[in-house]
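Colleague: I would like to go through the labels used for this model and hear the reasoning behind each one.

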Amino acid sequence: MNESSGRKVGIARFFELLGRDLWALYRSSFLCCAAFVPGLAAVLFGLMAHAPLLCALGGALGGALGGPFLVGMADTTLRALRDEPGYWWHTYKRAWRQNWRQSLVPGALLGLFLGGWTAVLFHMVNEGSPSTLMWAAAVVGMFVCVGFFVWLFAQIPLVDLPLTELIKNAALMFFGFLPRTLAAAAITAVYWVVMLLTLPASIIVILAFGFWLPVVPALMVIYPGLDKVFRLEETLKERRDAEINERLAAREAENHDL
């Protein structure tokens, strides 16, 4: 977003969104957290059982369950960024019904990655003194995958495309807006790495801040890229202008009848 749109930017915009839409963001985040609980439980059980495969499979199943709710969270955030009016529960239910099928496979892929990556991370920490190369590979892998999935999930509530096209777009936007990708990935990765490394104590933080705390700034960062590719603001303005013209036409017709 830019100043020419008449909106605040940066941290001021972040707090403006929280002041106006915090309750909607929190409710969509709470539903998202609840949906990911089974996957988190499976990953934790796999860690305690020292079973990396169970972590990955549990993450995949949990991700498939939580994917539609993560997209619902993204839809709520994107509507807030577009300053789009509407009753939250009504728009959330509509977005959920429209996108839940399209969210299953991306959610499973995200869960598979997170479950497997968490198992690798904990194994490295428990082994003690892993090599610098291993840490570098883990960090780079985390940034690449998180940056990719940020673009992937942001598209689902915006466009109705096959998964292959969504993946292609995510890859193109990943590199086409690389500075924004790295910033969004850093915000998301740092938050969730801290949460994972401080389990189970961080469960309280997750319940309080859940998904909305990293999702809102991450989507704020990549929103200009989404707007450039999908013409979000232009489309919304055209829709609003059409609605205004329809109301004016209806009013003129009523006055003419009188």
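**Labels and their grounds**

Modeller: Arg79 has a relative accessible area of 13% and is buried. The model is a predicted one.

Colleague: Why is Glu84 called buried?

Modeller: Its relative accessibility is 17%, and buried means under 20%, so Glu84 counts as buried.

Colleague: How do you know that Arg79 and Glu84 form a salt bridge?

Modeller: Their side chains meet at 2.8 Å, N to O, and the criterion is a side-chain nitrogen of Lys or Arg within 4 Å of a carboxyl oxygen of Asp or Glu. Elsewhere, salt bridges that share partners join Arg13, Glu16, Arg20, Asp21 and Asp83 into one network. The whole structure has eight salt bridges.

Colleague: Within that network, what separates Glu16 and Arg13 by about one helical turn?

Modeller: They are three residues apart in helix α1 (residues 10-48), which means a separation of about one helical turn. Their salt bridge is 2.8 Å, N to O. Arg13 is buried at 1% relative accessible area, whereas Glu16 is partly exposed at 29%.

Colleague: Why is α2 called oblique to α8?

Modeller: Helix α2 (residues 52-81) and helix α8 (residues 212-230) pack at about 60 degrees, with axes 10 Å apart. That makes α2 oblique to α8, because roughly parallel needs an angle under 35 degrees and roughly perpendicular 65 to 115. Their crossing is right-handed.

Colleague: Why does Leu104 count as partly exposed?

Modeller: Its relative accessibility is 33%, and partly exposed lies between under 20% and over 50%, so the label applies to Leu104. Leu104, in helix α3 (residues 88-127), makes a nonpolar surface patch of about 290 Å² with Val105, Leu109 and Leu112.

Notes:
Residues are numbered from 1 along each chain as its sequence is written. This is a predicted model: local features need pLDDT of at least 70, side-chain atom pairs count only at pLDDT 80 or more; totals for chains, interfaces and linings use all residues. Side-chain values use heavy atoms; hydrogens and water are left out. Patches are made of residues with over 30% relative accessible area and no salt bridge: like charges are joined within 9 Å, nonpolar side chains (Val, Leu, Ile, Met, Phe, Trp, Tyr) within 5 Å. Accessible areas come from the Shrake-Rupley method with a 1.4 Å probe; for residues, only the protein chains shown count as cover. Helices (H or I, at least four residues) and strands (E, at least two) are DSSP runs, numbered from the N terminus. Buried means under 20% relative accessible area, exposed over 50%, partly exposed in between (1.4 Å probe, protein chains only). Axes are lines fitted to C-alpha atoms, for helices over the stretch in contact, and angles run from 0 to 180 degrees between N-to-C directions. Angles under 35 degrees count as roughly parallel, over 145 as roughly antiparallel, 65 to 115 as roughly perpendicular and the rest as oblique. A crossing is left-handed if the near helix is turned anticlockwise from the far one by less than a right angle, and right-handed if clockwise.
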